[in-house]
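The following exercises practise the reading of a protein model, from single contacts to the whole chain. Please attempt each task before reading its solution.

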Amino acid sequence: MITKDELASRLLSACAEVKAAEGELTEIDSRFGDADHGLTMCKIATAIEESVRESEGGIQAMLDDVGMAVMTLNGGSAVPLWNTWLDGLQEAAPEGNEADSEDLKAMFANALAELSDISGAQVGDKTLMDAFVPAIEAIQACEGNEAALFEAAAQAALTGAERSKDFPSKFGRAKSYGEKTIGTPDAGAVSMACFFKGLAQA
């Protein structure tokens, strides 16, 4: 079982991990993108942090606050994508102050369904889905407790982000560079892996 306070702690840890990677994310995005992914992800992380700290309701209410905070941001393509999956998370979240591993599996399954709807990208397309999809699949396959779920997701997201180096970009500005993007990981996949790493570390 995980409490609302424990989930809040994990979310804050995830945001700290993303912020710590700002320089790396900016550098990656500067190669074939707008060099703004680090800044955009810091905005998203800050919005999540503030809403988590100020939220007074249960788990679903907290995640609803998180989604709303991200939705109001101005930023790159990451903003609507992150708003979508975070919103998917809260739609399937329990209203009270506790969630078990089955609740978490349902929440993340719904988050993937919502994000897949809006994204249109799959593993191998060199997007955040290269980290997100393996993370959610690892959560669904995990037989352990809540901490084990986050650990499995973090490992899978990290591996997925690393593998994104092997693919040519098929979305966004980087798409025009095609094969030249092979060898560079996708910035969105790396930031997603950082987030899951932070979720696991708390």
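**Exercise 1.** Determine with which residues Ser13 is in contact, leaving aside its neighbours within four places in sequence.

*Solution.* Step 1: contact means heavy atoms within 4.5 Å. Step 2: with neighbours within four places in sequence left aside, Ser13 is in contact with Gly198, Gln201 and Ala202. Step 3: a polar atom of the Ser13 side chain lies 2.7 Å from the backbone oxygen of Gly198. Step 4: Ser13 belongs to helix H1 (residues 4-20), where helices (H or I, at least four residues) and strands (E, at least two) are DSSP runs numbered from the N terminus. Step 5: the relative accessible area of Ser13 is 19%, so this residue is buried; buried means under 20% relative accessible area, exposed over 50% and partly exposed in between (1.4 Å probe, protein chains only).

This is a predicted model, in which local features need pLDDT of at least 70 and side-chain atom pairs count only at pLDDT 80 or more, whereas totals for chains, interfaces and linings use all residues. Residues are numbered from 1 along each chain as its sequence is written, and side-chain values use heavy atoms, with hydrogens and water left out.

**Exercise 2.** State how many disulfides there are, and explain why Cys15 forms no such bond.

*Solution.* Step 1: a disulfide is a pair of cysteine sulfur atoms within 2.5 Å. Step 2: by this rule the count is zero disulfides. Step 3: the closest cysteine sulfur to that of Cys15 belongs to Cys42 and is 10.0 Å away, so the distance is too far for a bond. Step 4: Cys194 is in no disulfide either, as the nearest cysteine sulfur, again that of Cys42, is 10 Å away. Step 5: Cys15 is buried, at 0% relative accessible area, and Cys194 also counts as buried, at 11%.

**Exercise 3.** Describe the geometry of the aromatic pair formed by Trp85 and Phe132, and locate both residues in the chain.

*Solution.* Step 1: rings of Phe, Tyr and Trp (its six-membered ring) pair if their centres lie within 6.5 Å; planes under 30 degrees apart count as stacked, over 60 as edge-to-face and the rest as tilted. Step 2: this rule gives nine aromatic pairs. Step 3: in the pair of Trp85 and Phe132, the centres are 5.1 Å apart with 55° between the planes, and the pair is tilted. Step 4: Trp85 is in helix H5 (residues 78-91) and Phe132 in helix H7 (residues 129-141), 47 residues apart, and the pair thus links distant parts of the chain. Step 5: both Trp85 and Phe132 are buried. Step 6: ring pairs join these two with Trp82, Phe108, Phe150, Phe195 and Phe196 in a cluster.

**Exercise 4.** State how many residues the largest nonpolar core has, and which helix gives the largest share of this core.

*Solution.* Step 1: a nonpolar core is a set of buried Ala, Val, Leu, Ile, Met, Phe, Trp, Tyr and Cys residues joined through side-chain atoms within 4.5 Å. Step 2: the largest one has 61 residues, and those with the most contacts inside it include Ile48, Trp82 and Phe195. Step 3: helix H9 supplies the largest share of this core, ten residues.

**Exercise 5.** State how many helices and strands the protein chain has, and what percentage of its residues is buried.

*Solution.* Step 1: the protein chain has nine helices and two strands. Step 2: buried residues make up 54% of its 202 residues.

Technical notes. A polar contact is a pair of N or O atoms within 3.5 Å; within protein, one must be able to donate a hydrogen and the other to accept it, and residues adjacent in sequence count only if both atoms are side-chain atoms.
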